[in-house]
Amino acid sequence: MITHGHIPEHDAIIVGGGIAGLTAAAHLRQMGHDVALVEARQDVGGTMRTHVQEGFVMDLGPQTLLDSQPDVSRFLDSIGAAAHRVEPGAASRKRFIVKDGAPLALPRGPGDFLSSPVFSWRGKLRLLAEVFVRSTSPVGESVAAFVRRRFGEEFLTWAADPFVSGVHAGDPEALLVANAFPTMVAAERKHRSLLRAGQSRHGLYGFEGGMQMLPRSLARHLVSSAGPGRAQLMTGTRVLRASWHGPESGHFDVVVQSSGSSRTRSLSAPVVVRTDGFRHDTSVNYAPVAVVVLGFRREDVLHPLDGFGMLVPFAEERQILGTLFSSTLFPDRAPGGHVLLTTFVAGARRPELADLCDSALVDLVMKDLTDLLHITGPAVTAHVHVWQHGIPQYDRAHADMLRSLRDRERSEPGLFFTGNACHGISAPHTMSHALRTARRAHDAILACRTTRP
Ligand SMILES: Cc1cc2nc3c(=O)[nH]c(=O)nc-3n(C[C@H](O)[C@H](O)[C@H](O)COP(=O)(O)OP(=O)(O)OC[C@H]3O[C@@H](n4cnc5c(N)ncnc54)[C@H](O)[C@@H]3O)c2cc1C
C-alpha cells in the first residue's frame, strides 16, 4: 500500500536514478514494459554529475568511461547516446606517477620500460619473472598480496597501489582481488601468467558537455520513446520502503533496487510503499572521495599537462590521491587560454580528509599541485564536492553482502538489486549489470503475467 506519494500501477518500479537505475529502466522500456523510476534528488545521474561554472565544465564523478562492455556500447547506440561520445585528445595518452616528488611518465612499451626511472633494475627483473610464478590466487587473497606474489613489492608500491587508489579510492591490502579485479584472477588461472595473457586494450570516452549528458539523455529517452508500455519519472522523491508483487501489493510485479551507493538529504515527497526492510548497503564500506576542481590560466601552469593525469603512490606521503588533466582529455572542459585540473582527496586510507571544509581542501590541493605541476598563479575558479559514500569497497564485508543479496533475491521473487555495489565499481560495469538485471526482471514480469489469475 502506498502511504505517501503516488505511483500508479506499473510492471516495474526502479529505485534510484543513477546510471544503473536509468539503464535498467530504459532497457525494460525497450522490452515493452511499464516502468516507474523514483529518484531522491531533483536531477538524475547520481554520481555521474557535471557542474558548469564560469565557462568550465567540471565532472564531479566519472571523468571517462572504458569501452570494455560490448552490451553497453550496443545499448548506447540503441538509445542514440553514442552520437554524443567524445574520444580523449591524442595528447592525453601519457600517464604520470609521482615518485620522489616529481611526476614521471609511466612506460608505454618495452623500450620505455627498460629505460624508465619509475622502477629499479631489480624491480624490472622481478616484474619480468612473473612468467615463472606458478602459484594461483587462494580464496580471500587481497589485491596487495596478489600483486606482491606475481610482480613483487616495487611494482605494488609504484604502479598497483596508486592505480587502486585512483580507481577504487581503496586500500590494496583490504580489497579482495577476486571481487575487485576478477579478470586478473581468471587470466592467472587460464594463462598461468598475466604477462603471457597480454593486456586487452579498450578505448576511453566521455560525453560532449560533460558526463551527466548521458543520464540526462537516458531520462529523456525513457519518457519520450515510442512503443508499447509507458514510463513515469519521479524526481525529488525518495523511496523509504517498497513492496513488490505479493498478497499485500497489486502495484508492481518487480522492484529493481539501484540506490545502494548514495544517501541523499533534502528530499521532498517521500514514498513509503510498505514496511519491509529495504536498503541493501548497510554492510558495505564506502570510501569517501573529495573532488577538488580548479581552473587556471594556461600560462600559470608550467607543466605541459601532456597526459591523462598523475597518480600519487601512498609511499609519497602526500595528501592527494591524484589529478586528472581534464582539459587535456577533453578540450571543451575549459575556456580558451585556460586549463582544468580535477584532483581527488581522501579515500579509504585518509577518510578524515573528506571532513575538511572546502577552503581547507582547496589549500591542501594547491600546495601539492604547486609543487608537482609548478603552478605560479592563483586558481581562477574552484569547486569542491565531497562524496561521503563515494566508492563501495570490494572487501570481505562486500563479499558477505553479495551473498546476502543473492539470498534475498532468491527468497523474495520480484526483488532485484543492481548498482555499483554489486559487480564492478566502474560505470560501464554497473551499466552492464543493470542490463542483465533488467533482462532477469523482464523474465519475472512475464512469469507474473502467466500465473496471474
Ligand atoms: C569521485 C568518483 C569518480 C569516479 N570516476 C569514475 C570514472 O572515471 N569512470 C567510471 O567508470 N566510474 C567512475 N566512478 C564510479 C561511477 O560513478 C559509478 O560506478 C556509477 O556512477 C554508479 O552508479 P549507480 O547508479 O550505481 O549509483 P549512484 O550514482 O550513486 O546512483 C544512485 C541514485 O539513487 C538515488 N537514491 C538513493 N537513495 C534513494 C531512495 N531511497 N529513493 C530514491 N532514490 C534514491 C540517489 O540520489 C542516486 O541518484 C566514480 C565515482 C566517484 C564517486
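The residues that line the largest cavity divide into five nonpolar, two polar and two charged. This cavity belongs to a predicted model, and a search of the whole structure finds one cavity of 30 Å³ or more. The volume of the largest cavity is about 50 Å³, and its walls are formed by Val57, Met58, Asp59, Gln63, Ser326, Leu329, Phe330, Arg333 and Leu340. Strand E4 (56-59) and helix H11 (326-329) each supply at least two residues of this lining, and E4 gives the most, with three residues.

**Glutamine 63, a residue of the cavity lining**

Gln63 is one of the residues that line the largest cavity, and its place in the chain is the loop between E4 and strand E5 (65-66). Is glutamine 63 buried or exposed? Glutamine 63 counts as buried because its relative accessible area is 10%, and the cut-off for buried is under 20%. The side chain of glutamine 63 has a polar atom 2.9 Å from the backbone oxygen of aspartate 59, and the side chain of glutamine 63 also reaches the backbone oxygen of glycine 61, at 2.9 Å. When residues up to four places away in sequence are not counted, glutamine 63 touches Met211, Leu324, Ser326, Phe330, Thr342 and Phe344. Ser326 and Phe330 are also named among the residues that line the largest cavity.

**Glutamate 130, a second buried side chain**

Glutamate 130 is placed in the loop between helix H4 (121-128) and helix H5 (143-151). Why does glutamate 130 count as buried? The reason is that glutamate 130 has 0% relative accessibility, where buried means under 20%. A polar atom of the side chain of glutamate 130 lies 3.1 Å from the backbone nitrogen of leucine 195. Leucine 195 also appears among the contacts of glutamate 130 outside its neighbours within four places in sequence, which are Arg150, Phe151, Ser193, Leu194 and Leu195.

The polar contacts of these two side chains are set out below.

| Side chain | Backbone atom | Distance |
|---|---|---|
| glutamine 63 | oxygen of aspartate 59 | 2.9 Å |
| glutamine 63 | oxygen of glycine 61 | 2.9 Å |
| glutamate 130 | nitrogen of leucine 195 | 3.1 Å |

**The second largest pocket**

Turning from the cavity to an open site, the second largest pocket has a volume of about 200 Å³. Of the 13 residues that line this pocket, Pro138, Val139, Gly140, Glu141 and Ala178 are the closest to its centre. Which elements give two or more residues to the lining of the second largest pocket? They are helix H7 (177-180), helix H8 (182-191) and helix H13 (396-411), and H7 gives the most, with three residues. By class, the lining of the second largest pocket has seven nonpolar, three polar and three charged residues.

**The chain as a whole**

The secondary structure of the protein chain comes to 14 helices and 19 strands. Of the 453 residues in the chain, 55% count as buried, and glutamine 63 and glutamate 130 are both buried residues. Among contacts in the protein chain with a separation of 6 or more, 75% are between residues 24 or more positions apart. The accessible surface of the protein chain comes to about 19,300 Å², and 56% of this surface belongs to carbon and sulfur atoms.

How values were computed:
Residues numbered from 1 in each chain as written. Predicted model: local features only at pLDDT ≥ 70, side-chain atom pairs only at ≥ 80, totals over all residues. Heavy atoms only, no water. 1 Å grid on protein atoms, 1.4 Å probe; cavity = no way out; pocket = protein on both sides within 12 Å on 5 of 7 lines; lining within 4 Å. Points joined across faces, edges and corners; volume = space filled by probe spheres on them. Helix = DSSP H or I, 4+ residues; strand = E, 2+ residues; numbered from the N terminus. Nonpolar A, V, L, I, M, F, W, Y, C, P; charged D, E, K, R; others polar. Buried < 20%, exposed > 50% of the residue type's maximum accessible area, 1.4 Å probe, protein only. Contact = heavy atoms within 4.5 Å. Areas by Shrake-Rupley, 256 points an atom, 1.4 Å probe, with all protein chains shown as cover. Polar contact = N/O pair within 3.5 Å; in protein donor to acceptor, adjacent residues only side chain to side chain.
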